[in-house]
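Thanks for passing this one along. Here are my notes, in the order I would go through them with the model open on screen.

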Amino acid sequence: NEQKTQNQPSAAGQKRARNDATGNKVTVVLGAQWGDEGKGKVVDLLATEADIICRCQGGNNAGHTVVVDGKEYDFHLLPSGIINTKGISLIGNGVVIHLPGLFEEGDKNEKKGLKGWEKRLIVSDRAHLVFDFHQVVDGLQETERQAQEGKNIGTTKKGIGPAYSSKASRIGLRVCDLLGDFNDFSTRFKNLVHNYQSMYPSLTVDVDDQLKKLKDFAERLRPMVRDGVYYMYEALHGPPKKILVEGANAALLDIDFGTYPFVTSSNCTVGGVCTGLGIPPLNIGDVFGVSKAYTTRVGIGAFPTEQLNAVGELLQTRGHEVGVTTGRKRRCGWLDLVILRYAHMINGFTAIALTKLDILDVLDEIKVGVAYKLSGKRIPHFPANMDILHKVEVEYETFPGWKTDTSAARKWNDLPAKAQSYIRFIENHIGVPIKWVGVGKSRECMIQMF
């Protein structure tokens, strides 16, 4: 009996001491449009202070470019925070990982001067794996869609969709499987390949070669792998820490809320942070939305404010609007506040970063989409149905251009009055404060407002 009472909480009826029971909060950075908003820059800015920088969803279909000391780094799977030598970067369970891609990316950036990244990276043991054949299948599916429907989705062909399909079909393989009994893993891998070959008879896979490579990757990966849920719990409930979560893709590409079917296969809205890292909603702190000062979209799908004219071309060339992952030209158009309001409804942004304002410097007038109309009537929501979205008519507000180079601006007062009123209008219309305004590529070009 003596033994038992030792482990019981102190005298019955006494309350457990509650220190701030929720623990540390995580700061989240999410795309508020169709991706490519410049999230990498915002993350990079916040990562200099962060102790842990996490990715929670997507895979190497993401592309974040970060410029530091004149060096340009491209990240696809690695959190952009990997540059911060004092922080830990974490790839969460919601991310799908292509191991050849991960190591190739690390090695490539190492040649550019990124040192010791393997020591700073932690990978969740519950993350699913993307295999080379998933990538092949991605290409086959796109070809098939094109043949059947005359249009594809415009995926990055990185195997992301097929890997999430394997996950949802409960036939996927995870990091913990790869690091477990390799014979068991091999059997399951062969079954998975067989499964895909029955769907795609033209798919050829050199199973033995793949397994040999995977065995090598497993040993290189092993030191980085942790139980992600436990790791995050300890991080949230230990000493004060700055934890940053970097979203990939964006609200309008979310599998549930995006312009389906022209979306990605994961939740790139705030819910994906909880499920992709195994953390409670209570621990979500600031949620920063990132938006360009105009709108872009890669691939196909509805795009109400698209400008298929000189304006669109100007934005495309001035903004160097080409996909980091695919090299595809991005479609360009005016800023769409219907989209931003919709992204805010889902994510509850505490502030917004508005990037690439300088791209608008040369325009005589600048338009902003403020509402959608269907047969002359305003609709209050963002349509789920793509046919309807193709039909909406956009109502615009027109602003005079400032016709001044803003790229040297470093504080609010350096911006021309017309640019200031453009920013204030956006802020008031969405009902979210704008915390940063970006006027160029490097770190110094983010004007912090408060």
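Which domains does the domain assignment give for the protein chain? Please keep in mind throughout that this is a predicted model.

1. **Domains.** The assignment gives domain 1 as 26-126 + 227-448, and domain 2 as 128-223. Domain 1 is thus written as two stretches of sequence. Taken over C-alpha atoms, the centres of domain 1 and domain 2 are separated by 28 Å. Their contact draws on 31 residues from domain 1 and 26 residues from domain 2.

2. **Buried area.** Between domain 1 and domain 2, about 2400 Å² is buried, and carbon and sulfur atoms give 63% of this area. On the domain 1 side, Val96, Leu99 and Phe103 are worth picking out: they supply 24% of the area that domain 1 buries against domain 2, more than any other three residues.

3. **Polar and charged pairs.** The count of salt bridges between domain 1 and domain 2 is 2. In a salt bridge formed by aspartate 107 and arginine 220, the closest N and O atoms are 2.9 Å apart. Across the interface of the two domains, 8 residue pairs are in polar contact.

4. **Elements at the interface.** Which elements each supply at least two residues of the side of domain 1 that touches domain 2? They are strand E6 (96-97), helix H3 (99-111), helix H4 (117-120) and strand E7 (121-124). H3 gives the most to this side, with 5 residues. By class, the side of domain 1 that touches domain 2 has 13 nonpolar, 13 polar and 5 charged residues.

5. **The sheet.** An open sheet with mixed pairing is formed by 10 strands, in the order E9-E7-E5-E2-E10-E1-E11-E15-E19-E20. At the edges stand strand E9 (225-226) and strand E20 (446-448); each has a single partner strand, so one side of each lacks a neighbour in the sheet. E7, already met at the interface, pairs with strand E5 (residues 88-91) in the parallel sense over 3 bridges. Leucine 90 has isoleucine 122 in E7 as its bridge partner.

6. **Isoleucine 153.** Where is isoleucine 153 found? It is in the loop between helix H5 (132-149) and helix H6 (160-168). Leaving out residues up to four places away in sequence, isoleucine 153 touches Glu142, Arg145, Pro261, Phe262, Val263 and Ile300. Histidine 64 is 89 residues from isoleucine 153 in sequence, and the two are 21 Å apart in space, C-alpha to C-alpha.

Terms used. Residues are numbered from 1 along each chain as its sequence is written. This is a predicted model: local features need pLDDT of at least 70, side-chain atom pairs count only at pLDDT 80 or more; totals for chains, interfaces and linings use all residues. Side-chain values use heavy atoms; hydrogens and water are left out. Domain bounds come from an automatic or database domain assignment. Contact means heavy atoms within 4.5 Å. Buried area is the accessible area (1.4 Å probe) that two parts lose on being put together, summed over both. A salt bridge is a side-chain nitrogen of Lys or Arg within 4 Å of a carboxyl oxygen of Asp or Glu. A polar contact is a pair of N or O atoms within 3.5 Å; within protein, one must be able to donate a hydrogen and the other to accept it, and residues adjacent in sequence count only if both atoms are side-chain atoms. Helices (H or I, at least four residues) and strands (E, at least two) are DSSP runs, numbered from the N terminus. Ala, Val, Leu, Ile, Met, Phe, Trp, Tyr, Cys and Pro count as nonpolar, Asp, Glu, Lys and Arg as charged, and the others, Gly among them, as polar. Two strands pair if DSSP finds at least two bridges between them.
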